[in-house]
Amino acid sequence: MRTQVGIVGGGPAGTLLSHLLHLRGIESVVLELRSREEVETTVRAGVLEDGTAELLRETGVGERMDREGAVHEGIELRFGGRGHRIDMTGLTGGRKIFVYGQQEVVKDLYNARLEAGGQIVFQAAATDLADLETSTPKIRFRRNAWLDVDAGAIRFRGDAEEEELTCDYVVGCDGFFGPCRAAIPDNVRTEHVRTYPFGWFGILVEGPPATEELIYALHERGFALVSTRSPEIQRLYFQCDPEDSVDNWPDEKIWEELRARLATEDGWTLEEGRIFQKNIVGMRSFICEPMQHGRLFLAGDAAHIVPPTGAKGMNLAVADVRVLARGLDEFYSTGRTGLLDSYSQTCLRRVWKASRFSWWMTSMLHRFHHEDDFRYRLQLAELDYVTSSRAASTSLAENYVGLPMEPQEEGELSAQRTGGAR
Ligand code: DHB
């Protein structure tokens with residue numbers, strides 16, 4: 001099999017890249033380990049930055065997002081029994097965020113790709129990458145694969161033979177646990193890691209939204225977040241021990257914890273409903289440098305992970321593939337590789353800034369139970385400052401709605417100030 005760009009991973013990064021390349025007349029094949037149904041039904045994060053929503057719209061896949069997604073112009077920071085609104089739109093010259101599930105974005109992209117005759121091979125596992133330093137890199141893969149989550153292993157149905165996909169370029173959009181990152185040799189790869197001493201307990205609830213805007217709360221007992229997915233489904237999270245098990249949390253105990261952490265002096269009440277999914281995720285910051293080697297490029301979670309606070313994960317993946325699509329376009333239309341050569345450097349500037357923001361939001365809003373009261377009091381002071389200083393709340397707002405997708409060396413600040421030229 002031969003294609004121009006071979007993409008490992010059909011999540012938001014891989015599928016959007018394939019879509020952006022198609023619009024530029026560049027052919028690609030996407031290999032995705034999971035089945036289409038599994039990707040489309042797994043609920044993931046749900047906040048789209050202004051620039052992410054705009055890119056989906058500009059490239060013809062934003063119609064359902066505009067119809068079914070919710071526009072949010074602010075968030076609430078809740079601490080000391082009171083809520084404080086951050087007017088994101090007012091503070092950023094009119095920019096906003098969209099609450100629209102990641103799996104809905106991927107569904108829209110699959111529809112667009114498959115309608116255009118695009119090739120997405122589901123249940124295909126990349127087994128090896130070869131010849132990455134030549135002009136014909138290869139992805140070896142096997143079909144009929146599935147992920148045995150309990151054993152943490154990939155298994156195959158029947159006697160699927162290994163196949164080879166020969167490409168001009170290979171892109172690893174295969175997530176944190178995918179095989180592509182390891183193809184960058186150890187002696188050129190640096191991995192920066194920070195693990196947080198807590199996780200998020202997430203629930204999906206049937207019922208109407210509990211609030212019009214997302215609430216990020218810090219309480220002595222820990223962090224809580226009230227988010228939404230649709231008029232019928234709500235998403236809530238609370239800080240927990242990452243080693244805890246959902247089996248230790250019957251529904252009533254969950255509601256009790258959320259009620260305590262979200263309580264206000266004015267008696268705000270939490271809308272409760274049937275909980276139909278529970279999960280626990282650990283939290284880490286991770287950055288791989290560089291994000292490219294030879295003719296291999298990494299994008300999204302394969303290259304970097306942020307803790308979820310602030311919802312930057314998918315937005316970073318979108319920014320990566322936007323840069324990459326432009327670089328590949330330059331190569332195919334002119335033969336030049338300037339943009340591709342600087343891919344990693346371009347992306348990492350934004351990745352480090354979003355990592356800083358996610359680390360900062362996480363550090364400000366979670367309880368570090370093993371540390372003394374001094375730290376907690378500083379966090380409360382920081383929240384007080386952020387919600388009472390225009391300068392500080394503007395800083396939060398411009399990061400939350402999203403820093404420019406491709407920062408220019410000059411004019412960066414003035415472009416942000418007017419909310420224009422991105
Ligand atoms: C959601 C996730 C986040 O990490 C966040 O900061 C806000 C919302 C969500 O899944 O809805």
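## Salt bridges across the model

A search of the whole structure turns up 33 salt bridges; a salt bridge here is a side-chain nitrogen of Lys or Arg within 4 Å of a carboxyl oxygen of Asp or Glu. Side chains of opposite charge can pair when their charged atoms come close. Before going on, note that this is a predicted model, where local features need pLDDT of at least 70, side-chain atom pairs count only at pLDDT 80 or more, and totals for chains, interfaces and linings use all residues. Residues are numbered from 1 along each chain as its sequence is written, and side-chain values use heavy atoms, with hydrogens and water left out.

## A network and three pairs

Start with a network of salt bridges that links E63, R64, R67, E68, E104, K107 and D108. Inside it, E68 pairs with R67, and their closest N and O atoms are 3.8 Å apart. How open are these two to the outside? The labels work like this: buried means under 20% relative accessible area, exposed means over 50%, and partly exposed is in between (1.4 Å probe, protein chains only). E68 counts as partly exposed because its relative accessibility is 43%, while R67 counts as exposed because its value is 54%.

Now look at E76 and R78, whose side chains meet in a salt bridge at 2.7 Å, N to O. E76 has 18% relative accessibility, so it counts as buried. R78 is buried too, with a relative accessible area of 4%. Another pair to find is K278 and D251, with a salt bridge of 2.8 Å, N to O. This one links distant parts of the chain, 27 residues apart: K278 sits in strand β19 (residues 275–289) and D251 in helix α7 (residues 251–262). Helices (H or I, at least four residues) and strands (E, at least two) are DSSP runs, numbered from the N terminus. Both partners are partly exposed: K278 has a relative accessible area of 29%, and D251 comes in at 33%.

## Around the ligand

Which residues come nearest to the ligand? Of the 14 residues around it, the answer is Y216, S227, R229, Y237 and P308; a residue is near a molecule or strand if one of its heavy atoms lies within 4 Å of it. By class, this shell has nine nonpolar, four polar and one charged residues. For that sorting, Ala, Val, Leu, Ile, Met, Phe, Trp, Tyr, Cys and Pro count as nonpolar, Asp, Glu, Lys and Arg as charged, and the others, Gly among them, as polar.

Zoom in on the oxygen atoms of the ligand. One is 2.4 Å from a polar backbone atom of P308, and a polar side-chain atom of R229 lies 2.6 Å from an oxygen atom of the ligand. G310 joins in with a backbone N or O atom 2.9 Å from a ligand oxygen. On its own the ligand has 290 Å² of accessible area, and the protein covers 99% of that. These areas come from the Shrake-Rupley method with a 1.4 Å probe; for residues, only the protein chains shown count as cover.

## Polar contacts elsewhere

Back in helix α7 you'll also find E257. E257 counts as buried because its relative accessibility is 10%, and its side chain makes a polar contact of 2.8 Å with the side chain of R261. A polar contact is a pair of N or O atoms within 3.5 Å; within protein, one must be able to donate a hydrogen and the other to accept it, and residues adjacent in sequence count only if both atoms are side-chain atoms.

T3 offers another example, in the segment before β1 (5–8). T3 has 2% relative accessibility, so it counts as buried, and a polar contact of 3.0 Å joins its side chain to that of E27.

## Two loops

Is E212 buried or exposed? E212 is exposed, with a relative accessible area of 74%, and lies in the loop between β15 (190–206) and β16 (215–219). E212 and E76, a salt-bridge partner from earlier, are 136 residues apart in sequence and 9.8 Å apart in space, C-alpha to C-alpha.

A303 sits in the loop between β21 (296–298) and β22 (304–305). At 0% relative accessibility, A303 counts as buried. The C-alpha atoms of A303 and P404 are separated by 19 Å, with their positions 101 residues apart along the chain.
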